[in-house]
Every structure is written in structure tokens, then in C-alpha cells.
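Please open the structure in your viewer and follow the selections below in order. Each stop names what to pick and what is found there.

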Amino acid sequence: MRTAVVVGAGIGGLAVAGALARSGWQVTVLERDDRVRAERTALILWPNAVRALDALGLAAGLDAIATPLPESGIRRPDGQWLVQPRGASGRGPVIVHREDLHDALVAGLGDQVEIRTGVAVRTARADERERPAVGDGRTTYEGDIVVAADGIDSAVRQRLAPESTVVSSGCAAWRAVIPWYRVPPLNEGRPVVGETLGAGYRFVAAQLGQRGSSGASTRGGIYWVATAAGAPRPEPPATQLALLRRWFAEWHPPIGDLLAATEPDELVQHEVRELRPLPREYGFPAGPGGFALLGDAAHAMPHHLGQGACLALEDAATLRSVLRDAVPGRQTQEAIAEYSRIRRPRAATVVRQTRRMSAVLQARGRLALRARDAALGTISPRLMGSAATAAAAWKPPA
Ligand SMILES: Cc1cc2nc3c(=O)[nH]c(=O)nc-3n(C[C@H](O)[C@H](O)[C@H](O)COP(=O)(O)OP(=O)(O)OC[C@H]3O[C@@H](n4cnc5c(N)ncnc54)[C@H](O)[C@@H]3O)c2cc1C
């Protein structure tokens, strides 16, 4: 039987592990943490991710956990429109609770997948004559292929693509889901959704469904993400929350109400980081197959376009497609080279779009802000349109 080792049980690792198992691979997943779990936050999934989930055979489960996001436009902190909603029709993004998505991916693993937790991979063996392998200093795990889905600090990538380093994107982000039973009465009954941009600050809110209602997350409520230029805060969560309430105090409703309704233990802080430059390759031949980089291990980027997890799902669908009928040996090596040929330019395009958005979104200073506001009024439909098109245009390989 064809064998695969997947390093990391995040969204990318779980998606590819289940997909390979369903194509007849015997898969071992190695996870550093003591259990497989998701953050208590949410994710926006663009149409490309929905198509990837479809190609992975997981679209039916998505309908039960996803809430469609209405188009919301962009506002200034005083509530004035920078970009009005255009009333676009067609399938837009959806929002899911991460725990719901994780559960769906775990349910898709089946019984061909062995999960080993508490294994922190530190070494990688990429040798022409031997099967690709990784190890944690005690045990070596080898397969016909190894998929590195171990996130931005990937130990496997550091060994295979040392040219790519992790750098700060110059901002920090906070996220929370206010559970449905504590959501305060807001917005005169209309859905809470939208993006607001200030000088070096950004706030995005979106409504997950309500528990039990049809077509909505079983972990409903309101999800918000706040981004601020600068480093993450070392203080405890209660102090961080107090700071966020101060920074966003003058912003239009319901931002203050959302921050007031959030509990410190719901707050998840991130230093926003990215890979610079991207690895030159996403596939590395070894023995009868080789290594593939996937998800944040391959192309971590700032969250401004909400595409990181979407690309991880695209990677998983692509890897499954190129490997479907490949037997260990030349076919599998070629499949891994093909994966790199397909995925590297795609990731580079989305990363380029994200960096352009970062520059616009993080503008500070009066002149830069005026230019930003003008740009948002004029270029932004084009900029955002092209970013959305790049995202929506992706189709899984046949
Ligand atoms: C504020 C914010 C908002 C975001 N919003 C969105 C959004 O709306 N939409 C979207 O598509 N993306 C979004 N993203 C990006 C998204 O979260 C990531 O791109 C995605 O989670 C990457 O998934 P992954 O599986 O590649 O990596 P990860 O989720 O990082 O998973 C890696 C896994 O590998 C494990 N691991 C790490 N090192 C080792 C090791 N040495 N050995 C064994 N296991 C290891 C980790 O424990 C983890 O389980 C956002 C990111 C941020 C910071």
C-alpha cells in the first residue's frame, strides 16, 4: 500500500490526510500538540475554498456548518462609507467556526489514518536513495511521501527551503467569537457584518449562525477580528481587551458593543507573520516519492485577504489530484514536481495581492490616509475585484 506521513494536524494537514486516505493511501499524521484541536475562532472561506472542499468530497458537510456572508462594503471609523456594498450577486464567501470545520475534517479521515499526537518533528531526511522521513529525535517516520503541513514555523521547510524565512508583517491581530447565547441586542436586528478601516487599525465583524438553526454553524455567535499596527501585547488577555476597547472606543456601532460583550478568555492574539521570500519549490524528490510543502508551511501570508486556509485547502485538493493514480517511484516523483509547478505560481499570485492589500489597509499618517481613502474609493473596487477574481477563478485540477 502507498504510504504517506503528514506533519501537522491543522486544516491543511487534516484535509490532505483524509483526501489521500480516501484515494487508498495509508496515512500517518504527526501532531506536536497533545491532542488535535482547533482555535475557538472562525474562518472566512472564499469560493475557491468551497470548490476545494467539493473536490475533496467534503462539500456536503460544509452546507451544515457555513453561513453565507452578505457583501458589506468598507467604512471609516465614523461610519462613513469608503466603499459602498455593490449588491453583487452570485456565491460569495461563507463563514465557519473553526471547531466545526475541524470536526468535519476529522470526520473525513476514516480508518486509514493513524494520528500520533505529542510528536514534534525536528528532522527531515531527503535523500535520493532512501524513503523520505522525518523524526522527533526519538523515532523516525518514513513513507513514500511526506507532506509538511506544520504551519508557518515548519521544521521540515527550514530543512528543505532554508532560503525562506519568517518575518513580522508589522501588525498584531485579535480574534474572538462571542457565543450566540451572550450576543447583545445589536444593529436593530440586521446581521452584524462589515469591515472598518482607521489609521493603522482595522475591525471586521461577521455573524455565524445560531445553534440549531438550519444551514448555520453549530457554534454560532458573532466573530470579530481586530488588527493594529505594531507588535503583539505582552499583557494578560484582560489588559489586552481593555486596550482594544480604548483603541476602538470612538468607532461606529456596534464595534464598542462587540468588544464590551467579549470575555478575556475568548480573546486569541496573533503576531501577524509571513514568509519572505516564498520557498522556490513546493516539492522535493526523495527515494520513491518526496516531500511536499502545504498550507502555511509553504506560503504563510498576512490575513488581510482571508486566503491562508483557503489556499491550504486548494493545496490539499491539488496534491490529491496529482497523486491519485501515482505508484511509488518515478510517477510519484513526477506528481510531486507537478504539484510544485501548479501551486508555486498560484500561491505567489495570492501573496502578491495580499501584500498590496496590506499596504493599503495599514496606511498611517494624514497624507497616506487621504491617499488610502481616495484609493479605496477609486482603485479599491479594481484592487478588491482583482483579488476576489484571483480567489474565485481557481478551479481544482481535473
Ligand atoms: C487573524 C487571522 C485571521 C485569519 N483569517 C483567515 C480567514 O478568514 N480565511 C482564511 O482562509 N485564512 C485565514 N487566516 C489564515 C489561516 O488561519 C491559516 O492560513 C491556516 O490556519 C493555515 O493552516 P495550516 O494547516 O497550514 O497550518 P496551521 O493551522 O498552523 O497548523 C499547523 C499544525 O502543525 C502542528 N505543528 C507545528 N509544528 C509541528 C512540528 N514540528 N511537528 C508536528 N506538528 C507540528 C501545529 O500544532 C498545528 O496543528 C487567518 C490568520 C490570522 C492570523
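Two strands count as paired if DSSP finds at least two bridges between them. Keep in mind throughout that this is a predicted model.

**Stop one: strand S16.** Select residues 221-229, which form strand S16. Eight of these nine residues are buried, so the strand is largely enclosed by the rest of the structure. Buried here means under 20% relative accessible area.

Add residues 165-179, strand S13: this strand runs antiparallel to S16 and is joined to it by nine bridges. To see one bridge pair, pick Trp-174 and its partner in S16, Ala-226.

Next add residues 201-207, strand S15, which is also antiparallel to S16, with seven bridges between them. Here Val-204 is opposite Val-225 of S16.

**Stop two: the open sheet.** Now show the six strands in the order S8-S2-S1-S12-S19-S18; they make an open sheet with mixed pairing. Its edge strands are S8 (113-117) and S18 (283-286), each of which pairs on one side only. On average, neighbouring strands of this sheet are turned by 15 degrees against each other, with direction ignored.

Zoom in on residues 26-31, strand S2, which pairs with S8 in the parallel sense over five bridges. Which residue of S8 is the bridge partner of Val-29? Select Ile-115 to find that partner.

**Stop three: helix H10.** Finish with residues 330-361, helix H10. This helix lies across S12 (145-148), S18 and S19 (289-293). Relative to S19, helix H10 runs at about 20 degrees.

Terms used: Residues numbered from 1 in each chain as written. Predicted model: local features only at pLDDT ≥ 70, side-chain atom pairs only at ≥ 80, totals over all residues. Heavy atoms only, no water. Helix = DSSP H or I, 4+ residues; strand = E, 2+ residues; numbered from the N terminus. Axes fitted to C-alpha atoms, helices over the stretch in contact; angles between N-to-C directions. Contact = heavy atoms within 4.5 Å. Buried < 20%, exposed > 50% of the residue type's maximum accessible area, 1.4 Å probe, protein only.
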